[in-house]
Amino acid sequence: MSMLELQDVRYTYHTKAQAVEALRGVSAVFEPAKLYAVVGSSGSGKTTLLSLLAGLDVPESGEIRFRGKSTADMDRDRYRFEHVSVIYQNFNLFAHLSALENVAYPLYLRGIPKKRAEEQAAQCLVSVGIGEDRYGRLPGMLSGGEQQRVAIARALASNAELVLADEPTGNLDITNGEQVVSILLRLAHEEGRCVIIVTHDLEIAAEADEILMMRDGVTERGQ
Ligand SMILES: Nc1ncnc2c1ncn2[C@@H]1O[C@H](COP(=O)(O)OP(=O)(O)OP(=O)(O)O)[C@@H](O)[C@H]1O
Ligand SMILES: [Mg+2]
């Protein structure tokens, strides 16, 4: 079964001065165990699409189905908590928590005892190439690439089936960017998660299993 299905999804921002039709009828299917790249020019609706998939907002019309069930019939907070993990361009790590605690955080929230949460978090950090000497550091004491990998480790720890990332490599150099993409590919291919990233980098998009082109609030499927 597909992970996500969108049918004629529309979304309009209403500002005082005008109504902006950000999504004008998006239909798409996202499968588990695949990495998708959403590309398209600035303002084409990529971030809007991601925020609807993340359950941060709801479509104005049309439908999003998660594992066959309309998200309109689900509790939105619960949907986010149980199924979705979001990785942000600016990492969004908790500044006052160590690298290890940042990754363990979603596990604490799920009631996993501290020691076990930290053991699992450490495994996730190892798998993204963050060594033990970094565990105790606050995000501000890590490089951008390291912070991004900690953010990915946190997504790993959360066990969410759906991993969404808006420009996850936007603040990274080529080497770190490639490393992040290979980790995200692994998340999809080895763990069966559905990973959807927005990227402006066409070389990174080329590594995805499928490319979704956005133009003016609608999608055109790439290769
Ligand atoms: N909060 C908002 N209020 C009003 N209009 C908005 C708001 N956020 C986005 N828009 C508009 O909606 C459209 C889609 O924006 P969106 O952020 O989804 O684009 P994007 O493809 O992510 O662009 P970028 O590549 O620049 O991040 C744009 O025309 C934008 O100006
Ligand atoms: Mg955007």
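A residue counts as buried when its relative accessible area is under 20%. Keep that cut-off in mind as you click through this predicted model.

**Stop 1: an aromatic pair**

Select Tyr79 to begin. Its relative accessibility is 4%, so Tyr79 is buried. Now add Phe66, which is buried because its relative accessibility is also 4%. How are the rings of Phe66 and Tyr79 arranged? They are edge-to-face, with 5.4 Å from centre to centre and 80 degrees between the planes. Colour the two elements that hold these rings: Phe66 belongs to strand β4 (residues 61-66), and Tyr79 to helix α2 (residues 76-83), so the pair ties together parts that are 13 residues apart in sequence.

**Stop 2: another pair, and a charge over a ring**

Searching the whole structure gives 4 aromatic pairs. One of them joins Tyr11 and Tyr13, so select those two next. This pair is edge-to-face as well, at 4.9 Å between centres and 75 degrees between planes. Is Tyr11 buried or exposed? With a relative accessible area of 11%, Tyr11 is buried. Tyr13, on the other hand, has 34% relative accessibility and counts as partly exposed.

While you are looking at rings, show Phe81 together with Arg110. Arg110 lies over the face of the Phe81 ring, 4.3 Å from the ring centre.

**Stop 3: ligand 1**

Select ligand 1 and display what is around it. You should find 13 surrounding residues, and the closest are Ser42, Gly43, Lys46, Thr47 and Thr48. Now look at polar side-chain atoms beside the ligand's oxygen atoms:

- Ser42 has a polar side-chain atom 2.6 Å from a ligand oxygen.
- Thr47 has a side-chain N or O atom 2.8 Å from a ligand oxygen.
- Thr48 has a side-chain N or O atom 2.5 Å from a ligand oxygen.

**Stop 4: Arg193**

Move on to Arg193, in the loop between α6 (174-191) and β8 (194-198). Its relative accessibility is 4%, so Arg193 counts as buried. Which backbone oxygen lies 2.9 Å from a polar atom of the Arg193 side chain? That oxygen belongs to Leu156. The side chain of Arg193 also reaches the backbone oxygen of Ala155, at 3.2 Å. Leaving out residues up to four places away in sequence, Arg193 touches several others, including Pro32, Ala33, Lys34, Asn159, Glu161 and Leu187.

**Stop 5: two cysteines**

Next, select Cys124 and Cys194. A disulfide is a covalent bond between the sulfur atoms of two cysteines. How many disulfides are there? The count is 0. Why is Cys124 not bonded to Cys194? The Cys194 sulfur is the closest cysteine sulfur to that of Cys124, but the 19 Å between them is too far for a bond. Cys194 is in no disulfide either. Both residues are worth a look at the surface setting: Cys124 is buried at 12% relative accessibility, and Cys194 is buried at 0%.

**Stop 6: Leu142**

Finish with Leu142, found in the loop between α4 (114-127) and α5 (144-158). Its relative accessible area is 8%, so Leu142 is buried. Beyond its neighbours within four places in sequence, Leu142 is in contact with Ala99, Arg134, Arg137, Gln147 and Val150. For one last step, draw a distance from the C-alpha of Leu142 to the C-alpha of Glu220: they are 38 Å apart in space, and the two residues are 78 apart in sequence.

Definitions and conventions: Residues are numbered from 1 along each chain as its sequence is written. Chains are lettered from A and ligands numbered from 1 in the order in which they are written. This is a predicted model: local features need pLDDT of at least 70, side-chain atom pairs count only at pLDDT 80 or more; totals for chains, interfaces and linings use all residues. Side-chain values use heavy atoms; hydrogens and water are left out. A disulfide is a pair of cysteine sulfur atoms within 2.5 Å. Buried means under 20% relative accessible area, exposed over 50%, partly exposed in between (1.4 Å probe, protein chains only). Helices (H or I, at least four residues) and strands (E, at least two) are DSSP runs, numbered from the N terminus. A polar contact is a pair of N or O atoms within 3.5 Å; within protein, one must be able to donate a hydrogen and the other to accept it, and residues adjacent in sequence count only if both atoms are side-chain atoms. Contact means heavy atoms within 4.5 Å. Rings of Phe, Tyr and Trp (its six-membered ring) pair if their centres lie within 6.5 Å; planes under 30 degrees apart count as stacked, over 60 as edge-to-face and the rest as tilted. A charge sits over a ring if NZ of Lys or CZ of Arg is within 6 Å of the ring centre and within 35 degrees of the ring normal. A residue is near a molecule or strand if one of its heavy atoms lies within 4 Å of it.
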